[in-house]
Amino acid sequence: LMFGCGLLRWGITESSTLERLGIAKEKKIIHPASYTDFKNAFDNLWDLRFHRQMSSFTRLSKVDDTVFLSELSREEKKMLQTTRDHIKTLAALLDHDFLGQGI
């Protein structure tokens, strides 16, 4: 579960990542601006995944979650880097709060 284990500490057990993030924002576990960053990161990953799967389907190739960096545009690579940075930040925050590690 993406962003899941760290949020269990606060009783957030929803299966949907976006629902967990929304509740974390409501409980003031994460700042509203951070919520927006994390939601955008999540949306970007799903969008990238969807477009890659549709491209594979159109080419009659095997459809899976594989994304080859060499096939990404400059903008997609930049978006992916930003997304990775947001995910690393959230993971560090959750590790710090849940495990007392990091940050």
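Select helix H2 and colour its residues by burial: in this predicted model, Tyr35, Phe38, Ala41, Phe42, Leu48, Arg52, Gln53 and Ser56 are the buried members of H2 to pick out. Charged and polar side chains appear in that list alongside the nonpolar ones, Arg52, Gln53 and Ser56 being among the buried residues. H2 itself runs over residues 32–58. With 27 residues, H2 spans 38 Å from its first C-alpha to its last, close to the 39 Å expected at 1.5 Å a residue.

Remain on H2 and display the side chains of Lys39 and Asp43. These two form a salt bridge, in which the closest N and O atoms are 2.7 Å apart. Both residues belong to H2 and are separated by four residues, about one turn of the helix. In general, an α-helix has 3.6 residues a turn, so residues three or four places apart point the same way. Lys39 counts as partly exposed because its relative accessible area is 29%, and Asp43 is likewise classed as partly exposed, at 28%.

Next, move along H2 to Phe50. Is Phe50 buried, partly exposed or exposed? Its relative accessible area is 47%, so Phe50 is classed as partly exposed. Add Met54, Phe57 and Val63 to the selection and show the surface: together with Phe50 they make a nonpolar patch of about 400 Å². While in this part of the chain, select Leu60, just after H2, and inspect its backbone: phi is positive there, at about 60°.

The tour now turns to helix H3. Select residues 74–99 to show this helix, and highlight Arg84 within it. Which residue meets the side chain of Arg84 in a salt bridge? The partner is Asp85, with an N to O distance of 3.6 Å. Arg84 has a relative accessible area of 42% and is therefore partly exposed; Asp85, at 35%, is also partly exposed. The count of salt bridges in the model comes to two.

Keep Arg84 selected and add Phe42, one of the buried residues of H2. Arg84 and Phe42 are 42 residues apart in sequence, and a C-alpha to C-alpha distance label between them should read 9.9 Å.

Proceed to helix H1, residues 17–26, and select Thr17. Thr17 is buried because its relative accessible area is 10%, under the 20% cut-off. Show the side chain of Arg20 as well: a polar contact of 3.1 Å joins it to the side chain of Thr17.

From H1, follow the chain into the loop that leads to H2 and select Lys28. Lys28 is not a glycine, yet its phi is positive, at about 60°. What is the relative accessibility of Lys28? The value is 73%, so Lys28 counts as exposed.

Finally, clear the selection and view the whole chain. The protein has three helices and zero strands, and its pattern along the sequence is α-α-α. Of its 103 residues, 25% count as buried. Among contacts between residues at least 6 apart in sequence, 41% join residues at least 24 apart. With the full surface displayed, the exposed area is about 7,100 Å², of which carbon and sulfur atoms supply 56%.

How values were computed
Residues numbered from 1 in each chain as written. Predicted model: local features only at pLDDT ≥ 70, side-chain atom pairs only at ≥ 80, totals over all residues. Heavy atoms only, no water. Patch = residues over 30% accessible without salt bridge, like charges linked within 9 Å, V, L, I, M, F, W, Y side chains within 5 Å. Areas by Shrake-Rupley, 256 points an atom, 1.4 Å probe, with all protein chains shown as cover. Salt bridge = Lys/Arg side-chain N within 4 Å of Asp/Glu carboxyl O. Helix = DSSP H or I, 4+ residues; strand = E, 2+ residues; numbered from the N terminus. Buried < 20%, exposed > 50% of the residue type's maximum accessible area, 1.4 Å probe, protein only. Expected span 1.5 Å × (residues − 1). Contact = heavy atoms within 4.5 Å. Polar contact = N/O pair within 3.5 Å; in protein donor to acceptor, adjacent residues only side chain to side chain.
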